[in-house]
Each structure stands twice: as structure tokens, then as C-alpha cells.
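User: Could you take a close look at one part of this fold for me, the strands and how they pair up? Once that's in place, walk me outward to whatever sits around them.

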Amino acid sequence: MNMIGGGGAAIRTRGLRKTYGAVEALRSLDITVDAGETFGFLGPNGAGKSTTIAMLCTLLRPTAGRAEVAGADVVRAPHDVRRRVGVVFQESTADNDLTAEENLRFHAELYGISRRESRRRADFLLDLLALSSRRKALVGTFSTGLKRRLEIARSLMHRPEVLFLDEPTAGLDPHSRALVWDHLHRLQQQQVITIFLTTHYLEEAEHCHRIAVVDGGGVIAEGSPQQLKAEVGSDVVHLQTADNAVAARSIRDRFGLNPALGPDGVRVHAANGAELVPRLCAASAVPVHSIMVTRPSLDDVFLHYTGRGVPGPPRWRDERAPLSAAPDGKGSK
Ligand SMILES: Nc1ncnc2c1ncn2[C@@H]1O[C@H](COP(=O)(O)OP(=O)(O)OP(=O)(O)O)[C@@H](O)[C@H]1O
């Protein structure tokens, strides 16, 4: 077969494009995902994430360009691709009127898996996703988190080489989110599997080996979470104090940093927030009510790479000019 490039990649796209009539959902996508990698596809609403998954799973035909998944071309060999991939969609597709086990077995039948193998595989996956105690329960009684885990189990019944997850933790509470990731990590310890997931959340990128940020129809940034965060910037330390203006001024004077005074307190960028916190508390000229360290947000990533932020965040202002103009700290707007 005429491959796009060298072997070894689990997913490879070149100039992949999709239009819906006049709407250009994806302009030109070039990505390479190695076998065994967890690859995050990050972007705002409408960036083309679901469209990309649909093309890679052969549910949508590309308008132009090439894509290979698990060594098969999505247009020329769609059946090969389908046998080698598992998919979990944003919307639940589990059958509420069947039990967890029946959902898995039904899927296995569609793939022509023998009963014996189906039983063995279902046992393994129900255990892996901590669903064994619910195997006989009707899926209609499941929470969103349980359903998502069942759908992941179902997508793995036919031993796919590549697992596509479209917003795997959307709509889940923090505990359920963490569980999903625990199970995915356990899965990767058990077998070599490539995971391609879409997400809005930069936090999810922490679980990925590499991520691509997609916007405006193509990839605008790509790398490991560490690389992207390093490029985006440093930790952000948020402080609330008895007098935020005084605190901001003392941070600037004592630490040579550039604090910003905002509606909820002071925030300051630092290379290592955790290391700065005790020093800030010890040196603060005013009592500190609360202090928190956060990582760069999706806003920060977009601002960095596109020069525009996602609309709506609280407005912060650089404190240097107002502080020197108004030593009482109130500053002008
Ligand atoms: N069937 C369709 N017909 C016309 N336009 C579509 C269709 N499906 C998607 N689009 C458009 O294509 C673009 C990409 O949509 P897509 O759903 O792939 O983005 P997404 O990144 O997955 O968004 P979200 O994060 O909201 O799921 C959007 O502008 C969307 O409105």
C-alpha cells in the first residue's frame, strides 16, 4: 500500500480537510501519533475536534488530504480501520435497557468475537474499569460516570490498537474524572494501546504524552504538556490579603516580580509557585487571608499562541503603572 510516510505511527494525517458545504470545519491537519502514546487534541468549541475523530474512525469522509490509522488508510481501507479502533463518543450510546454485561456481549457479537472470548474479555474489562459489581445492573440505572466507564470497556472488547475518546470526562464530577483516568492508566499498563482524546481542558493534557492545540482549522501548537506549559508561562500565585494594594507593592519591591491587582486579590506569575508561597507569606507586609497556586489555563495557552483570549475571564491589570501613579493603591481604571 502507498503509505503516507514511514511505518510505526498509530495515526498519521497529511493535509486532512473537511468542509460541510460552505463551513470549513478543518482546513489542513498534519499530525503524527506514535503507537502507545496518549495524544490530546485540545481546542475551543467548533475547532473541528469531533470532525477529526469522525474522519479518523471512518464515520466521515475527508474532503481532501490523507489519514492512516493503525496502518490502514481511512478512505481506501475503512473496514481495516474499523476493526482496529475503538470509539467513545461525547453522547452516550450504551443501551439503557440492557445490563452492563449484555452491552459488552452485544458489541462482541457485532465484531464476530466467540462467546468464550467475549465472556473472558468482558470479565477482564469489567474488572479493569471497576464495574464487576454492576455487571448485572441495567445501564439505565447508571450515573454518567459509570456509563462512560462502561462505554470505554465496550470500546475495548475487540482489542483495538487505537482508542478514540471524544471528551471522555465531559459532564463528570472531579471524582469520576479521576476514576476514568485511573482506569485508562491501568489499561495502558496492561497493553500497548494508543489513546487519542479530544478535550477542552488543559488539565486533561497532564495525562497525555503529547497534545496538539487546534484552532482556526489547523494545529497551532504541539508538544508535551511540559513543553507547552513552559512556552505558555509560569505558575500563577493568587493572594487575598488584608490590603491587596500594599501586598502587591511589597511583592514587587521585595521579589522583583510584576504583580497584578484584580477584583479578587493579587496575582503574580512565578517560575515555581510552590516554592514562592512560603516566602511570600513570611515576607508579606499585611496579613494573608488565602494563597493559591494554579497552572496556566486554557486562556493562557490561547492567549500565548493566538494572541487572543477566550472571552469572559475576570479582568486583571498590570499593577506597575497604577501603583506608581496612586501610592494609596486604589489606582485609576
Ligand atoms: N454536520 C454538520 N454540518 C454543518 N456544519 C457542521 C457539521 N458538523 C460540524 N459542523 C461545523 O464544523 C465546525 C467543527 O465542528 P466540530 O463539532 O468538529 O468541532 P469541535 O471542536 O468538536 O466542537 P465541540 O468542542 O463543540 O464539540 C463547527 O463550525 C461546526 O459548527
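## Strands and their surroundings

Analyst: Strand E1, residues 9-20, is a good place to start: it pairs with strand E4, residues 64-69, in the antiparallel sense, over five bridges. Keep in mind as we go that this is a predicted model. To find that pairing on screen, pick Ile-11 and look across to Val-69 in E4, which stands opposite.

E4 has another partner too. Strand E5 covers residues 72-73, and two bridges join E5 to E4, again with the strands running antiparallel. Here the pair to click on is Glu-68 and Asp-73, the latter in E5, standing opposite one another. E4 and E5 form a hairpin with two residues between the strands. One oddity turns up in that loop between E4 and E5, where Ala-70 is found: its phi is near 50°, a positive value in a residue other than glycine. Is Ala-70 buried, partly exposed or exposed? Ala-70 has 18 other C-beta atoms within 10 Å, and a residue needs 20 or more to be called buried and 12 or fewer to be called exposed, so Ala-70 comes out as partly exposed.

Put those strands together and you get an open sheet of four strands, in the order E2-E1-E4-E5, with antiparallel pairing. Its edge strands are E2 (23-34) and E5, each of which pairs on one side only.

E2 also brings us to the ligand. The residues surrounding the ligand include Tyr-20, Val-23, Ala-25, Asn-45, Lys-49 and Thr-51. Which elements give two or more residues to that shell? They are E2 and helix H1 (49-56), and H1 gives the most, with three residues. Sorted by class, the shell has four nonpolar residues, six polar ones and one charged one.

Now for the other sheet. This one is open as well, with six strands in the order E6-E7-E8-E3-E9-E10 and mixed pairing. At its edges stand E6 (85-88) and E10 (218-223); each has a single partner strand, so one side of each is left without a neighbour in the sheet. On average, neighbouring strands of this sheet are turned by 15° against each other, direction ignored. One pair to zoom in on is E7 with E8 (residues 194-199), parallel over five bridges, where Phe-164 stands opposite Phe-196 in E8. H1, which we met at the ligand, packs on this sheet: it touches E3 (38-42), E7, E8 and E9 (210-215), and its direction makes about 150° with that of E7.

Just past E7 there's another positive phi in a residue other than glycine: Glu-167, near 55°. Glu-167 is found in the loop between E7 (162-166) and helix H6 (174-190). Unlike Ala-70, which is partly exposed, Glu-167 counts as buried, with 21 C-beta neighbours inside 10 Å.

One last stop is helix H10 (residues 273-283), whose buried residues are Gly-273, Leu-276 and Leu-280. Looking down the H10 axis, you'd see those buried residues fall within an arc of 55°, so they line one face of the helix. They pack against strands E11 (235-241), E13 (265-270) and E14 (288-294), and against helix H9 (244-255). The face turned away from that buried side carries exposed residues, namely Ala-274, Glu-275, Pro-278, Arg-279 and Ala-282.

Definitions and conventions. Residues are numbered from 1 along each chain as its sequence is written. This is a predicted model: local features need pLDDT of at least 70, side-chain atom pairs count only at pLDDT 80 or more; totals for chains, interfaces and linings use all residues. Two strands pair if DSSP finds at least two bridges between them. A residue is near a molecule or strand if its C-beta atom, placed from the backbone, lies within 6 Å of it. Ala, Val, Leu, Ile, Met, Phe, Trp, Tyr, Cys and Pro count as nonpolar, Asp, Glu, Lys and Arg as charged, and the others, Gly among them, as polar. The arc is that of the directions from the helix axis to the C-beta atoms. Two residues are in contact if their C-beta atoms, placed from the backbone, lie within 7 Å. Axes are lines fitted to C-alpha atoms, for helices over the stretch in contact, and angles run from 0 to 180 degrees between N-to-C directions.
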